[in-house]
Amino acid sequence: MLRALCEAAAPTLFGYFSATVFGGRGGGGTGLQYTLLSFLLALFAAGLLGLVAMRSYPRDVTTAQASMERIDASLRDGRERKS
């Protein structure tokens, strides 16, 4: 739901930055260019962050799987003790 709201607000935010933050009065279209460049830099930074996060992803999956297996084993042991 949060992702859908953010995706819906993106065009409005882009227009706001273009007109208000970078455009001012009578900017001559440069506000749109600066907005596009700044948002493109943010997108590039998010991509780099994703690449860095991919390095630890297999280890995180293995850790989560081992944790789930330990939880399942402890639940099974608890059930066997009650029987």
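**Exercise 1.** Find which residues make the nonpolar surface patch of about 800 Å², and work out which helix supplies its largest share.

*Solution.* Start with the members: Leu13, Tyr16, Val21, Phe22, Tyr34, Leu37, Leu40 and Leu43 make the patch. Bear in mind that this is a predicted model. Next, look at the helices: α1 (2–21) and α2 (30–82) each give at least two residues. The largest share, 4 residues, belongs to α2. One of the patch members, Leu40, sits in helix α2 and has a relative accessible area of 49%, so Leu40 is partly exposed.

**Exercise 2.** Decide whether Ser18 is buried or exposed, and list what Ser18 touches beyond four places in sequence.

*Solution.* First, place Ser18 in helix α1. Its relative accessible area is 15%; the cut-off for buried is under 20%, so Ser18 is buried. Then take the contacts: leaving out residues up to four places away, Ser18 touches Gly23, Gly31, Leu32 and Thr35.

**Exercise 3.** Classify the ring pair of Phe17 and Phe39, then do likewise for Phe22 and Tyr34.

*Solution.* The structure holds 4 aromatic pairs. For Phe17 and Phe39, the ring centres are 5.6 Å apart and the planes stand at 75 degrees, so this pair is edge-to-face. Phe17 is in helix α1 and Phe39 in helix α2, so the pair ties together parts 22 residues apart in sequence. For Phe22 and Tyr34, the centres are 6.3 Å apart with planes at 55 degrees, so the pair is tilted. Here the loop between α1 and α2, home of Phe22, is tied to helix α2, where Tyr34 lies, 12 residues apart in sequence. To finish, ring pairs link Phe14, Tyr16, Phe17 and Phe39 into a cluster.

Conventions:
Residues are numbered from 1 along each chain as its sequence is written. This is a predicted model: local features need pLDDT of at least 70, side-chain atom pairs count only at pLDDT 80 or more; totals for chains, interfaces and linings use all residues. Side-chain values use heavy atoms; hydrogens and water are left out. Patches are made of residues with over 30% relative accessible area and no salt bridge: like charges are joined within 9 Å, nonpolar side chains (Val, Leu, Ile, Met, Phe, Trp, Tyr) within 5 Å. Accessible areas come from the Shrake-Rupley method with a 1.4 Å probe; for residues, only the protein chains shown count as cover. A salt bridge is a side-chain nitrogen of Lys or Arg within 4 Å of a carboxyl oxygen of Asp or Glu. Buried means under 20% relative accessible area, exposed over 50%, partly exposed in between (1.4 Å probe, protein chains only). Contact means heavy atoms within 4.5 Å. Rings of Phe, Tyr and Trp (its six-membered ring) pair if their centres lie within 6.5 Å; planes under 30 degrees apart count as stacked, over 60 as edge-to-face and the rest as tilted.
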